[in-house]
Amino acid sequence: MTDSAPQPATRFTAATYADRLARAARLTADAGLDALVVGTGPDLQYLTGSRAHSFERLTAIVIPASGAPATVVVPRLELASLRDSAIAELGLPVLDWVDGVDPHALVADVVSGAGKGGGAAGGAAPAVAVDPALPALHVVPLADRTGAPARLATPVLRELRMIKDAEEVDALRRAGAAIDRVHARMGEWLQAGRTERQAADDIAAAIVEEGHTAPEFIIVGSGPHGADPHHEVSDRVLAEGDMVVIDIGGPVEPGYNSDSTRTYCIGEPDPETARRYALLEAAQEAARRHVRPGVTAESVDAAARDALARHGFADAFVHRTGHGIGLSVHEEPYIVAGNDEPLRPGDGVQHRTGHLLSGRVGRTHRGHRRGHRRRLRAAQHPAPRARHPAGGLTGRAPAATRAPAASACRAPGPPPPRRPPAWDWAGAGGIGRRRVRPPGPRRPSRR
């Protein structure tokens with residue numbers, strides 16, 4: 001990624017968000033609701049392009065089912081956080097408030113007006129749904145002010161966000177290509193004698209270099225740490241023969257995420273590891289072949305799970321087979337037992353197989369991009385980058401100073417023989433992810 005390359009826009013056009021708001025209003029009406037209340041986070045970003053963060057003060061958009069313009073309620077001191085969104089361009093009413101004013105009463109007033117033409121009748125309390133990320137700090141007062149318990153807006157929001165349009169698919173493809181470029185460089189950092197933390201620091205920088213705005217999460221799990229789906233990084237030293245699980249991802253503009261895990265071996269894998277890998281590849285292939293419009297999400301999960309169960313690994317496959325991806329790293333549809341939702345064209349999903357053996361190694365598969373799977377390949381380690389004495393990466397090292405990929409150092413001279421290829425396969429991490437932040441200021445949490 002060069003500095004001269006054109007930078008992607010940080011949001012879509014206002015017309016895109018106008019269409020999304022209109023669809024949200026229709027789906028709200030179809031659900032028998034009077035209004036939808038959405039706080040800050042990925043749902044608000046999807047609807048307006050806003051990346052505002054909310055703390056104890058309420059920022060929310062109220063979408064009437066009647067089709068009337070949505071209204072934004074925001075603290076006056078945080079008005080600037082809406083500047084880069086499409087809210088002004090769309091001409092949406094904005095109710096700003098100051099400390100001492102009850103923002104929940106403002107929302108209730110908007111909802112009450114929406115109820116006059118919606119589902120509420122005969123003086124009944126309006127039917128309101130709130131986004132699932134809105135904290136109880138706001139949900140409880142909103143229910144008090146509107147006179148009715150809030151419902152979850154999940155059915156409306158999942159229907160909006162599950163099916164990706166062409167612009168979203170393009171963003172996801174760019175995210176997938178960017179994280180592929182990071183994985184292609186993994187041989188620069190996974191070297192015997194280095195620590196997981198050192199590798200993670202270099203990976204964090206590369207995630208940004210290759211086109212992401214920031215690393216969202218980094219897991220470097222070597223040896224026994226590969227069997228811990230919640231591992232992040234440690235000071236464990238990588239050794240020859242180690243299996244290393246790399247689980248990385250982050251957003252590209254306008255905020256769509258990559259999420260890709262691969263498992264590497266420093267050197268050649270032993271025969272038993274290679275055998276287990278082959279079982280995982282077969283399981284992932286079974287799931288991939290099963291994916292098509294109309295099949296249920298749980299049947300895709302069963303295809304992978306049954307393939308592993310036939311070889312005695314059912315109990316070690318402790319996570320779902322996959323999940324949707326978009327503005328959130330994990331979103332609908334979830335490829336898991338119990339989800340009988342049929343898959344549809346446009347679903348952006350990532351699928352995984354894996355087995356986790358406590359105290360040994362976790363072997364994992366994951367594909368990221370819509371409709372694609374990462375295939376097994378033997379990837380030669382590229383020559384590592386040299387680290388300048390003053391700090392920082394200096395690019396490909398000159399031949400006289402280049403360190404070999406093997407753990408032993410060699411004196412300058414003829415190029416060292418090529419080391420055996422690193423085994424690299426697409427993978428899946430675990431049940432969830434915790435984030436490893438690169439050095440520098442911390443971004444506010446999006447949760």
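Modeller: Before we start, a nonpolar core is a set of buried Ala, Val, Leu, Ile, Met, Phe, Trp, Tyr and Cys residues joined through side-chain atoms within 4.5 Å. Please keep in mind that what we are looking at is a predicted model.

Colleague: Fine, so how many residues are in the largest nonpolar core, and which have the most contacts inside it?

Modeller: That core has 33 residues, and Leu-36, Leu-47, Ile-61 and Ile-63 are those with the most contacts inside it.

Colleague: Which elements give two or more residues to it?

Modeller: On the helix side they are α1 (14-30), α2 (42-48), α6 (154-162) and α7 (166-184), and on the strand side β1 (35-39), β2 (60-64) and β3 (71-75). The most comes from α1, which gives 5 residues.

Colleague: And Leu-47, what does that one touch?

Modeller: Leaving aside residues up to four places away in sequence, Leu-47 touches Tyr-17, Arg-20, Leu-21 and Ala-24, and also Val-38, Ile-63 and Leu-160. Apart from this core lies another, of 20 residues, with Ala-200, Val-220, Ile-248 and Tyr-264 among them.

Colleague: Back to α1, at what angle does it pack with α6?

Modeller: The angle is about 140°, with the two axes 10 Å apart, and α1 passes α6 in a right-handed crossing. On the α1 side the contact is made by Arg-20, Arg-23, Ala-24, Leu-27 and Thr-28, while α6 brings Val-156, Glu-159 and Leu-160.

Colleague: Glu-168 caught my eye; is that residue buried or exposed?

Modeller: Glu-168, which lies in helix α7, has a relative accessible area of 2%, and because buried means under 20%, Glu-168 counts as buried. Not counting residues up to four places away in sequence, Glu-168 touches Phe-12, Arg-20, Tyr-46, Ile-163 and Tyr-256.

Colleague: Changing topic, what span should helix α9 have, and how far apart are its end C-alpha atoms?

Modeller: Helix α9 covers residues 271-290, and at 1.5 Å a residue its 20 residues should span 28 Å, which agrees with end C-alpha atoms that are 29 Å apart.

Colleague: What caps the N-terminal end of α9?

Modeller: Asp-270 does, with a side-chain oxygen 3.0 Å from the backbone nitrogen of Glu-272. Among the buried residues of α9 are Arg-276, Gln-284 and Glu-285, along with Tyr-277, Leu-279 and Leu-280.

Colleague: Last one, for the whole chain: how many helices and strands are there, and what share of the residues is buried?

Modeller: The chain has 10 helices and 19 strands, and 52% of its 447 residues count as buried. Among contacts with a separation of 6 or more, 68% are between residues 24 or more positions apart.

Notes:
Residues numbered from 1 in each chain as written. Predicted model: local features only at pLDDT ≥ 70, side-chain atom pairs only at ≥ 80, totals over all residues. Heavy atoms only, no water. Buried < 20%, exposed > 50% of the residue type's maximum accessible area, 1.4 Å probe, protein only. Helix = DSSP H or I, 4+ residues; strand = E, 2+ residues; numbered from the N terminus. Contact = heavy atoms within 4.5 Å. Expected span 1.5 Å × (residues − 1). Polar contact = N/O pair within 3.5 Å; in protein donor to acceptor, adjacent residues only side chain to side chain. Axes fitted to C-alpha atoms, helices over the stretch in contact; angles between N-to-C directions. Left-handed = near helix turned anticlockwise from the far one by under 90°.
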